[in-house]
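Student: I'm new to this one, and I'd like a close look at a single part: the empty space inside. Could you walk me through it slowly?

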Amino acid sequence: MPKVTIVGAGQTGATTAHWLAERELADLVLVDIVEGMPQGKALDLSQAMPIVESDVRVVGSNDYEATAGSDIIVITAGLPRKPGMSRDDLLEANRAIVQAAVEATLAESPQAILIVLTNPLDAMAYLAMKVGGLPRERVIGQAGILDSARMRSFVALELGVSVQNVYCYVLGGHGDDMVPLVRHSNVAGVPLDRMLSSARLEAIVERTRKGGGEIVGLLKTGSAFYAPSAALAQMVEAILRDRHLVVPASVYLEGEYGQRGIFFGVPVQLGASGLEKVIEYELNDSEREALKASAGRVRETIDALKL
Ligand code: APR
């Protein structure tokens, strides 16, 4: 059985474990600094396995010994946003947490593939790659599946169609200037702009950009976790099952989309080796401009790490 470690057994980490355990994909290790909490959640989840008929082992720990030999490390440890905070406001608080998690997990699992969720996402994924001294294939940031799923859910609701028929592609940095590619998005092959008025479409794009903030505002004491964890589980599954699945995700660019040296949300193919390739869409001038502006913002945050 493959082994997956999830660092941070809070809302997102524990819910990721839930999705993964139910799919019987891997044995799971939950790690957190809060004493007893990862052990308690792991025990509870283990006791759900007979009911959902899944033969996976789930253990919780406050140290990293139990994580040895993991195939994938998912990093969700960190502070979540409070109302009024941007993702970038978390930079200083979360960098120390992510750095420690990367160093400790790689010491136990030197061959593992890292999937990073902690915000500010693109900068934390960059930090993980640098701190770990890893090739770009082995560090992938989760953002695009979530942002695209938010847009897909809004479109499906608006049109009264199955979410399965809605394809949306949200690229760029995981911030308020992310870039929903309306021209490439469609409902069962029919372009979105033929299904929705430009005013409705603009409203959906805007709600997508602010989708995380909308939930932070409602929850008041935390940020979204069901959809983020479902996105993590999809990435883990694509890698463990060597699916060659194309999804939007944040990866280190080496010239693709005119960018070099930053993590940035683009369509990628995921398989057993992690990042298999970056898919390049044909873009028009306004799409290129929007991505360039978003990349500029990501670069500023990455520069602020002073690595
Ligand atoms: N090592 C391990 N776990 C840690 C550490 C650490 N050094 N520091 C914090 N944690 C744990 C916390 O104890 C907490 O249980 O990380 C967990 C984070 O969980 P939540 O607070 O529930 O936050 P969550 O909603 O899961 O979001 C986690 O995802 O969306 C991003 O910006 C958000 O960075 C945040 C992350």
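Student: How much space lies in the largest cavity?

Tutor: Keep in mind as we go that this is a predicted model. The largest cavity holds about 30 Å³ of space. A search of the whole structure turns up 1 cavity of 30 Å³ or more. In general, you find empty space by rolling a probe the size of a water molecule over the atoms. Now look at what lines the largest cavity: A143, G144, D147, V170, L171, G172, G173 and G265. Two elements, helix 5 (144–159) and strand 8 (170–171), give two or more residues each to that lining. Sorted by class, the lining comes to 3 nonpolar, 4 polar and 1 charged residues.

From that cavity, let's go over to the largest pocket. Its volume is about 840 Å³, and its lining is made by 42 residues. If you want to find its centre, go to T76, A77, G78, L79 and P80, the lining residues that lie nearest to that point. Helix 5 turns up again here, since the elements giving two or more residues to the pocket lining are helix 1, helix 3, helix 5 and helix 8 (211–219). Helix 3 contributes the most, with 4 residues. As for character, the pocket lining splits into 21 nonpolar, 17 polar and 4 charged residues.

So what takes up this pocket? The space taken by the ligand is the largest pocket. Around the ligand you'll count 21 residues, and the closest are Q11, T12, D32, T76 and L117. T76 is also one of the residues nearest the pocket's centre. Helix 1 (11–22) and helix 3 (91–108) each supply at least two residues of the shell around the ligand. By class, that shell has 10 nonpolar, 10 polar and 1 charged residues.

Zoom in on the ligand's oxygen atoms next. L79 comes in with its backbone: one of its N or O atoms lies 3.2 Å from an oxygen of the ligand. N94 uses its side chain instead, with a polar atom 3.3 Å from a ligand oxygen. N119 likewise has a polar side-chain atom 3.3 Å from an oxygen of the ligand. Taken on its own, the ligand has 720 Å² of accessible area, and the protein covers 85% of it.

Stay with N119 for a moment, as its backbone is worth a look too. A cis peptide bond joins N119 and P120, with omega at about -5°. P120 sits in the loop between strand 5 (113–116) and helix 4 (121–132). For context, most peptide bonds are trans, and most residues other than glycine have a negative phi. There's an exception to the phi pattern as well: E53 isn't a glycine, yet its phi is positive, near 60°. You'll find E53 in the loop between helix 2 (37–52) and strand 3 (58–61).

Note on methods:
Residues numbered from 1 in each chain as written. Predicted model: local features only at pLDDT ≥ 70, side-chain atom pairs only at ≥ 80, totals over all residues. Heavy atoms only, no water. 1 Å grid on protein atoms, 1.4 Å probe; cavity = no way out; pocket = protein on both sides within 12 Å on 5 of 7 lines; lining within 4 Å. Points joined across faces, edges and corners; volume = space filled by probe spheres on them. Nonpolar A, V, L, I, M, F, W, Y, C, P; charged D, E, K, R; others polar. Near = heavy atom within 4 Å. Polar contact = N/O pair within 3.5 Å; in protein donor to acceptor, adjacent residues only side chain to side chain. Areas by Shrake-Rupley, 256 points an atom, 1.4 Å probe, with all protein chains shown as cover. Sits in = over half its atoms within 2 Å of the grid points.
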